[in-house]
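Please open the structure in a viewer and keep the selection tool at hand. The stops below proceed from the whole chain to individual elements, cores and empty spaces.

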Amino acid sequence: MSRVLSIGIVGLPNVGKSTLFNALLKKQVANVANYPFCTIEPNVGVIEVPDERLRVLAKIVQTEKIIPAAIEFYDIAGLVKGASTGEGLGNQFLSHIREVAAIIHVVRLFEDKNVAHVSEQINPIDDIKTVETELMLADLQTLAKQKEPKGTSVTKTETEAYKIIQLLKTNLDKGIPVRNQKLTDEELLLIKPLNLLTIKPVIYVFNLSEDQLKNSGQLNQVHPKGVQAYIYLCAKLEAEIVAFTPDEQSEYLKEFGFKDSGLNRLIKKAYETLGLISYLTAGIKEVRAWTITKGTLAPQAAGVIHSDFEKHFIKADVIPYLDFVKLGGWQASRDAGRVQSVGRDYVLQDGEVVEFKVGV
């Protein structure tokens with residue numbers, strides 16, 4: 001069955017991680033408090049990926065069952081300097097990060113005398129460096145445990161992997177995280193079992209006050225050079241507006257110059273960063289979105305539904321979402337000749353409505 005995408009929310013203590021997590025869940029499930037380590041075990045929540053296309057499809061095929069794609073978010077305890085050597089909740093924190101596909105790094109920009117800052121001053125660049133340094137130090141510890149392969153039974157793969165490990169150590173010592181080391185697909189495959197922390201994509205969330213959010217377009221760019229994946233939001237505001245109706249949210253967000261909530265922008269940014277898209281299935285039984293990586297071939301996309309679908313794949317009937325809606329369903333789309341039957345070498349596109357033919 002489809003595997004849920006997992007993302008960890010990390011950062012220094014008191015930057016707004018749990019507030020953001022609560023907003024994502026649309027209810028208070030994390031213990032938000034003004035002291036470090038109020039989140040000791042990771043709170044986990046599965047969040048729907050917003051997709052208005054599903055409701056439209058449900059009306060066309062006349063089903064009430066809608067299953068959106070989902071993301072599993074982990075609210076992980078705050079990191080402090082020295083975590084890689086066990087400071088704070090160090091090792092617990094780092095082990096939880098190893099389980100996620102990507103990292104949301106919450107960085108504090110808001111000023112609030114009632115909420116202590118772990119270093120007693122707002123300095124986003126230093127905060128980013130603190131977290132990144134701890135992750136790199138943890139990776140260096142992992143790499144230091146890898147022994148040089150020796151003996152007559154050593155394979156070429158083991159030798160190549162060890163060479164890459166030495167290169168990674170050199171670059172990490174220079175302050176270059178693994179994700180920025182320009183490794184080939186083959187090299188990435190060789191080091192995958194190490195589950196390194198700095199190989200994971202990072203999305204920076206700069207947590208603002210409401211006043212700062214109103215002027216976010218004029219904010220000095222505080223993200224590190226070369227960083228593309230980042231958004232500005234106010235976690236406190238997001239936690240408040242989740243109780244609003246969609247129309248009320250839209251009206252309120254206009255005051256800040258946004259068409260969409262920060263949470264929706266964050267989920268979309270996560271998909272974009274990880275190179276993910278959704279294809280859609282639409283029948284009387286249910287309407288559903290399935291998450292795949294861009295470039296996925298039809299049989300592998302079918303395998304997301306069930307492994308047997310990939311094994312026994314025959315073909316797939318596909319049609320762009322807008323065509324399916326315009327024509328009003330499968331039968332009318334087939335009658336109009338707009339449904340394309342594709343084989344094993346077809347790459348599925350975002351938003352295509354799909355019906356697989358399998359020989360089970």
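Begin with the whole protein: of its 360 residues, 48% are buried. The coordinates are those of a predicted model. Colouring by secondary structure displays 14 helices and 12 strands. Among contacts between residues at least 6 apart in sequence, 69% join residues at least 24 apart.

**Strand S1**

Select residues 5-10, which form strand S1; 6 of its 6 residues are buried. Which residues of S1 point one way, and which the other way? Leu5, Ile7 and Ile9 point to one side, while Ser6, Gly8 and Val10 point to the other, and all are buried.

Add strand S4 (residues 70-75) to the selection: S1 and S4 run parallel and are joined by 5 bridges. Within this pairing, Gly8 is opposite Tyr74 of S4. Next add strand S5 (residues 102-108), which also pairs with S1 in the parallel sense, over 4 bridges. Here the bridge partner of Ile9 is Ile104 in S5.

**The nonpolar cores**

Now select Leu20, Ile71, Phe73 and Ile104, which have the most contacts inside the largest nonpolar core, a set of 70 residues. Centre the view on Phe73 and display its neighbours. Leaving aside residues up to four places away in sequence, Phe73 touches Ile7, Ile9, Phe21, Leu24, Asn43, Val44, Gly45, Ile47, Ile104 and Ile267. A second core, separate from this one, has 17 residues, including Trp290, Ala302, Ile305 and Ala316.

**Ser333**

Proceed to helix H14 (residues 330-335) and select Ser333 within it. Is Ser333 buried or exposed? Its relative accessibility is 0%, so Ser333 counts as buried. Beyond residues up to four places away in sequence, the contacts of Ser333 are Ile319, Asp323, Phe324, Leu327, Arg338 and Val339.

**The largest pocket**

Rolling a probe the size of a water molecule over the atoms reveals where empty space remains. The largest pocket holds about 1,200 Å³ of space. To find this pocket, select Val49, Pro50, Asp51, Glu52 and Asn264, the closest to its centre among the 37 residues that line it.

Extend the selection to helix H1 (17-25), strand S2 (43-48), helix H2 (53-61), helix H9 (246-254), helix H10 (262-274) and strand S8 (276-282), each of which supplies at least two lining residues of the largest pocket. Which element gives the most to this lining? H10 does, with 5 residues. Colouring the lining of the largest pocket by class shows 20 nonpolar, 6 polar and 11 charged residues.

**The largest cavity**

For the last stop, turn to enclosed space. How many cavities of 30 Å³ or more does a search of the whole structure find? The search finds 1, and the largest cavity contains about 50 Å³ of space.

Select Val10, Ile103, His105, Ile128, Val131, Glu132, Leu135, Val202 and Tyr204 to show the lining of the largest cavity. S5, helix H4 (124-144) and strand S6 (202-207) each contribute at least two of these residues. H4 provides the largest share of the lining, 4 residues. By class, the lining of the largest cavity comprises 7 nonpolar, 1 polar and 1 charged residues. Val10 links this stop to the beginning of the tour: this residue lines the largest cavity and is one of the buried residues of S1.

Note on methods: Residues numbered from 1 in each chain as written. Predicted model: local features only at pLDDT ≥ 70, side-chain atom pairs only at ≥ 80, totals over all residues. Heavy atoms only, no water. 1 Å grid on protein atoms, 1.4 Å probe; cavity = no way out; pocket = protein on both sides within 12 Å on 5 of 7 lines; lining within 4 Å. Points joined across faces, edges and corners; volume = space filled by probe spheres on them. Nonpolar A, V, L, I, M, F, W, Y, C, P; charged D, E, K, R; others polar. Buried < 20%, exposed > 50% of the residue type's maximum accessible area, 1.4 Å probe, protein only. Pairing = 2+ DSSP bridges. Contact = heavy atoms within 4.5 Å. Core = buried A, V, L, I, M, F, W, Y, C linked by side-chain atoms within 4.5 Å.
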